There are 2 protein chains.
Amino acid sequence: MEDINKDLNLSVIKAFKLLDVYLNNKQEWGVRELAKKTGYNKTTTYRLLSTLESLDVVQKNDNDKYILGLKLFELGNLVSIHKSLRNYSRIPLENIAKEIKETVHLGVLRNDQVLYLNKAESPLGLKVSTQIGSYQEAYCTALGKVLLAFSSANQISNYLKNVKLKALTSNTITNSEDLLIELEQVKKKEYALDMEELELGLICIAIPVFNKNKEVIASISVSGPSSRFKSENIASYLSIIKKGAFEIEGHLSDYN
Amino acid sequence: MEDINKDLNLSVIKAFKLLDVYLNNKQEWGVRELAKKTGYNKTTTYRLLSTLESLDVVQKNDNDKYILGLKLFELGNLVSIHKSLRNYSRIPLENIAKEIKETVHLGVLRNDQVLYLNKAESPLGLKVSTQIGSYQEAYCTALGKVLLAFSSANQISNYLKNVKLKALTSNTITNSEDLLIELEQVKKKEYALDMEELELGLICIAIPVFNKNKEVIASISVSGPSSRFKSENIASYLSIIKKGAFEIEGHLSDYN
DNA sequence: AAACAGCGTTTCGAATAATGAAACGTTTTT
DNA sequence: AAAAACGTTTCATTATTCGAAACGCTGTTT
């Protein structure tokens, strides 16, 4: 299709393209439906699904639709990259969430986007809720701005070259120069704010998590409704998050 | 190879058999190493790995060995079966762990084994630690005995027919009749004990989690070293675990 | 009641993609 | 300096994937 150099296993690629469809927030699919979505032949789709079903990668639900299966859950839990980061962050994130009463996230940069590795949700009814393993644009999130700010100058300029700074709200930074200045500020102050740049009414604060070599390996954020975020709280929020980050950093240096 | 009736995508099957190798607690593999382990040709293995790498399903680490990739993490987090069970159990499990100071697990029965869906670890240094998404034999664990006990008579007799009751310690139940009697006891008392039947020095207590139709959909256990488990604590442990189970049951009935 | 439209599934010859022995270029071990 | 082990590439042979058409079923429309 689009691969030029190597000869890869086309069926395997097709199988995973099928699974990729599930990333777009629909949980159950019929054969013909998936065939139409992927452009594959109905028979091919059926055979791929049957194969995946025999492997427990997908399974049929009560409506005879195909849903993702437990094999993926099993394998997903084995993914070792960032596994320690996820493990060691759980308790600190929850302590932060409990203290601040807002949703807390831990994320890393991946493919120029923020990948959410872990979270602890606010105990309150009105709260931010995200899907672990999902992605978000970096330029309009506090997490993303921290992770970008501490990237190499090369990576940053590449990012700025490739990214489309779409305005998601009236506050979104849509200008490369402005974003670069913002990133320099973030790096100097060691924290980032997202003042309703991703979504109206949504405010975030994020700080970096360092490894023992003083490289930024992740970022922690606190997100909540603008109605609850007062500017006089920011300093105390920051010190609480930093305490959590410090705990995580301690655990990580034990190992690596 | 071993499939008779349907014609499935052999390459896809091979790809996942490769990934299955990672379930046996080794995180990084070379091409020839994986080829030997699976019995596939070196070239085939290489091409499958290249394909999977192009899809982010595996990736090379610093030693040029192949490790599981973030695509699996991403897809694994989308698996919807038991997703709500995992979400709603997190806080209750942690409350139990905090109160009892022992590791708490939530598991379901799958392929005649216990699948660990979630956990909250003991705050103490000496503690039980398990891999989420991994499996354990049912007949010698408290979780497993609860889940078996509340299965249908048919399922139980099938289980007893197929399982090999290997003695893992001197306390392991290795006799089908004994196990059946034990399961009846468990069902009557609505809790199960594992008195060092899986591992010497390891004791567990487990209770069922019911859905609104009074079917058992999961089980919660508390596990710790025998040195800390006194018989006079069991009653209080049970009431604490039951409180947690009740919370989970409440959340589940909100949805279903 | 009969015809229709939708679904997942099966069939089978034609077309294609996966296969593996051998060779290659590096790196590591002897 | 030689040998062994690694990942990788090549290419003719072979096995497998492919898809149009047909099937059986269910639910809806005429």
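**Exercise 1: a strand in chain A**

Work out in which sense strand β6 (residues 192-195) of chain A and β7(A) pair, and over how many bridges. Then follow β7(A) to its other partner.

*Solution.* A quick note before the steps. This is a predicted model, where local features need pLDDT of at least 70 and side-chain atom pairs count only at pLDDT 80 or more, while totals for chains, interfaces and linings use all residues; side-chain values use heavy atoms, with hydrogens and water left out. Residues are numbered from 1 along each chain as its sequence is written, with chains lettered from A and ligands numbered from 1 in the order in which they are written.

Step 1. β6(A) and β7(A) run antiparallel and are joined by four bridges. Strands here are DSSP runs of E with at least two residues, helices are runs of H or I with at least four, and both are numbered from the N terminus. Two strands pair if DSSP finds at least two bridges between them.

Step 2. Pick one bridge to look at: A:Met195 has A:Ile203 in β7(A) as its partner.

Step 3. Check the link. The hairpin of β6(A) and β7(A) has six residues between the strands, and A:Glu196 there takes a positive phi near 55 degrees.

Step 4. Now go to the other partner. β7(A) also pairs with strand β8 (residues 216-225) of chain A, antiparallel again, over nine bridges. One of the partner pairs is A:Leu202 with A:Pro225 in β8(A). These two strands make a hairpin too, with five residues between them, and A:Lys214 in the turn has a positive phi of about 65 degrees.

Step 5. Ask how covered β7(A) (residues 202-210) is: nine of its nine residues are buried. Buried means under 20% relative accessible area, with exposed over 50% and partly exposed in between (1.4 Å probe, protein chains only).

**Exercise 2: the sheet in chain B**

Find the strand order of the open sheet in chain B, and describe the neighbours of β4(B).

*Solution.*

Step 1. Six strands line up as β5-β4-β3-β8-β7-β6, with antiparallel pairing. At the edges sit β5 and β6 (192-195) of chain B, each pairing on one side only. The average twist from one strand to the next is 35 degrees; the axes are lines fitted to C-alpha atoms (for helices, over the stretch in contact), and angles run from 0 to 180 degrees between N-to-C directions.

Step 2. Zoom in on β4 (residues 113-120) of chain B, where seven of the eight residues are buried.

Step 3. On one side, β4(B) pairs antiparallel with β3 (residues 103-110) of chain B over seven bridges, and B:Leu109 stands opposite B:Val114. Two residues separate these strands in their hairpin, in which B:Asn111 takes a positive phi near 50 degrees.

Step 4. β4(B) also pairs with β5 (residues 135-137) of chain B, antiparallel over three bridges; B:Leu115 has B:Tyr135 as its bridge partner.

Step 5. Carry on from β3(B) to β8 (residues 216-225) of chain B: five bridges join these antiparallel strands, including the one between B:Val104 and B:Val222.

**Exercise 3: who touches which DNA strand?**

List the closest residues to DNA strand C and to DNA strand D, then pick out some polar contacts for each.

*Solution.*

Step 1. Start with strand C. There are 20 residues around it, the closest being A:Arg32, A:Tyr46, A:Lys60, B:Lys14 and B:Asn41. A residue is near a strand if one of its heavy atoms lies within 4 Å of it. Of the atoms of strand C that come within 4 Å of the protein, 63% belong to sugar and phosphate.

Step 2. Look for polar contacts, meaning pairs of N or O atoms within 3.5 Å; within protein, one must be able to donate a hydrogen and the other to accept it, and residues adjacent in sequence count only if both atoms are side-chain atoms. An N or O atom in the A:Lys60 side chain is 2.5 Å from a phosphate oxygen of strand C. A polar backbone atom of A:Leu8 is 3.3 Å from a phosphate oxygen of strand C.

Step 3. Repeat for strand D. Again 20 residues surround it, and the closest are A:Lys14, A:Thr44, B:Arg32, B:Tyr46 and B:Lys60. Here sugar and phosphate make up 60% of the strand D atoms within 4 Å of the protein.

Step 4. The side chain of A:Lys14 puts an N or O atom 2.4 Å from a phosphate oxygen of strand D. B:Lys42 goes for a base: one of its polar side-chain atoms lies 2.8 Å from a base oxygen of strand D.

Step 5. Finish with the helices. α3(B) supplies the largest share of the surface near strand C, four residues, and α3(A) gives the most near strand D, also four.
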